Amino acid sequence: MSNKTNDPSRKSWIDIPADSDFTIQNIPFGIFSYADKPKRVGVAIGDFVLDLSALYDLGYLDINAFSHDHFEAEYLNQLMKLGKTALTKLRDDVAYLLSTECDDLKLSTKHNILLFPIDQVQMHLPVKVGDYTDFYSSEDHARNVGTMFRDPNNALLPNWKHIPVGYHGRSSSIILSGQEIHRPKGQMKPKDAEQPSFGPCKLLDFELEMAFVTFDGKPLGQSISTEEAEEYIFGMMLFNDWSARDIQTWEYVPLGPFLAKNFASSVSPWVVTMDALEPFKVPGPIQEPKVFPYLEYSGNKNIDINLEVSIQPEKGPETVISKSNYKHMYWNYAQQLAHHTINGCNINVADMMASGTISGPTPDSYGSMLELSWRGTKPLKMNDGSERKFIHDLDTVIMRGHAEKDGVRVGFGEVSTKVLPAI
Ligand code: MN
């Protein structure tokens, strides 16, 4: 990466609102369309989307490194197959064209086919998700859940501080922000009930998470070290791991999450690159007991990303119900990827790995309704006067995230999902 791209003093010739997530230091990638045109790759800049397909066709991008099909594409996958070096350079080149250091694009007479108001384009799922894994890497979350469901004195299971615990999920039900979901149906058995029952989930919940997407990894049989991890990660998104708590409680023994999770997980549309997040890295927690050598790492691998969750009822204002931070993770993304591959498991382009619920240390920073309402015993007050223990029909759950340092903001936009009644 050129040092310039993350330089806090760099400015764009595009007017960028002060509170914008999409600054000249960000340059996140997504897939969009407008009018009846095919899907294409874009980057967000302020209140605009820059069409990389048009940018390529007009000769602004490296003709030897890319072809038209990398940019007029259903997904980012083909572009991501080119790997870290190529995409770092692409971000550098695009940022330069958008900066005040360069007049070429600014003086172009083709702005009508290059730049679109962000609220006038249709966003699409940015990647065709390969395999999907969900980790369980926030200590506060694991401790809260263990306290509620098992034993407050032994809240963490014996393996938790040795293994970045995770499970394989289902990629086909990962959906884009904005797509509505129906309350899932399933089997459940309340604690005091004799027999299980069937019907709409009563304890619908979100999980506040971040997900990273990978470049092509190594072949089956080889591992990616914590040192190498960043070479294999393209970027991150906000991730809502929808969870049906009553279905989950009944089904998860002994093999883990299944239908309580795979009815939907929602992601934000813009992939913020690891390069853009570099300035916001911070030290992680001290890990005690000492981890196995393959999980040791050097340098800062936690990232200071402010996160918040809101609920917006059908008719009423939003209420912010949680403020957390990705820096709270016990296991970082490099350890997650190293652990995932230590047995030789192969990683492919656009595999998605979610962090696990990101809870902070205080009750107002918990990352799920399960924790925020403490299993329904402490209802949350909404700004419209109503209460929530879990998510109601017609509620919209909105997650937002951004990093900020030295006057520079690098954000993710939002992942927003409305819940419709069960069918
Ligand atoms: Mn989860």
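Biologist: Why is D406 called exposed?
Modeller: Exposed means over 50% relative accessible area, buried means under 20%, and partly exposed is what falls in between (1.4 Å probe, protein chains only). D406 has a relative accessible area of 61%, so the word exposed fits.

Biologist: Before we go on, what kind of model is this?
Modeller: This is a predicted model, where local features need pLDDT of at least 70 and side-chain atom pairs count only at pLDDT 80 or more, while totals for chains, interfaces and linings use all residues. Residues are numbered from 1 along each chain as its sequence is written, and side-chain values use heavy atoms, with hydrogens and water left out.

Biologist: Okay, back to D406. What makes its phi worth a mention?
Modeller: Phi of D406 is near 50°, a positive value in a residue other than glycine. You'll find D406 in the loop between strand 25 and strand 26 (408-420). Strands here are DSSP runs of E with at least two residues, helices are runs of H or I with at least four, and both are numbered from the N terminus.

Biologist: And what makes L394 worth a look?
Modeller: L394 also isn't glycine, and its phi is positive, near 75°. L394 sits in the loop between strand 24 (387-388) and strand 25 (396-405). With 30% relative accessibility, L394 counts as partly exposed.

Biologist: Now the metal. How do you know which residues hold the manganese ion?
Modeller: A donor is an N, O or S atom within 2.8 Å of the metal (3.2 Å for Na, K and Ca), and since water is not among the atoms, sites may look incomplete. D134 (OD), E207 (OE), E209 (OE) and D241 (OD) coordinate the manganese ion at 2.1 to 2.2 Å, so they pass. Along the chain, these donors follow the spacing D-x72-E-x1-E-x31-D.

Biologist: What makes E209 and D241 a pair that ties parts of the chain together?
Modeller: E209 lies in strand 13 (residues 208-214), and D241 is in the loop between strand 14 (233-240) and strand 15 (243-244), so the pair links parts that are 32 residues apart in sequence. Both E209 and D241 are buried.

Biologist: What makes E308 and K323 a salt bridge?
Modeller: The rule asks for a side-chain nitrogen of Lys or Arg within 4 Å of a carboxyl oxygen of Asp or Glu. The closest N and O atoms of E308 and K323 are 3.2 Å apart, so the pair qualifies. The two sit in distant parts of the chain, E308 in strand 20 (residues 306-312) and K323 in strand 21 (residues 319-325), 15 residues apart. K323 is exposed, with a relative accessible area of 53%.

Biologist: Which other partner does E308 have in a salt bridge?
Modeller: That's R400, with the closest N and O atoms 3.7 Å apart. R400 lies in strand 25 and E308 in strand 20, so this pair ties together parts that are 92 residues apart in sequence. R400 is partly exposed, at 25% relative accessible area.

Biologist: Which residues are joined into one network by salt bridges that share partners?
Modeller: D205, E207, D241, R245 and K261. By the same rule, the count comes to 26 salt bridges.

Biologist: K281 and E278 meet in a salt bridge too. Is K281 buried or exposed?
Modeller: K281 is buried, because its relative accessible area is 13%. Its partner E278, 3.0 Å away from N to O, is partly exposed at 38%.

Biologist: How do you know that V253 and P254 are joined by a cis peptide bond?
Modeller: Omega there is about -5°. P254 is in the loop between helix 7 (245-251) and strand 16 (265-267). E288 and P289 are joined by a cis peptide bond as well, with omega about 5°. P289 belongs to the loop between strand 18 (281-282) and strand 19 (302-303).

Biologist: Last ones: why is R91 called buried?
Modeller: R91 has a relative accessible area of 0%, so buried is the word. R91 is in helix 4 (residues 84-98).

Biologist: And why does D275 count as buried?
Modeller: Because D275 has 9% relative accessibility. D275 is in helix 8 (residues 274-277), and its C-alpha is 9.8 Å from that of I27, though the two are 248 residues apart along the chain.
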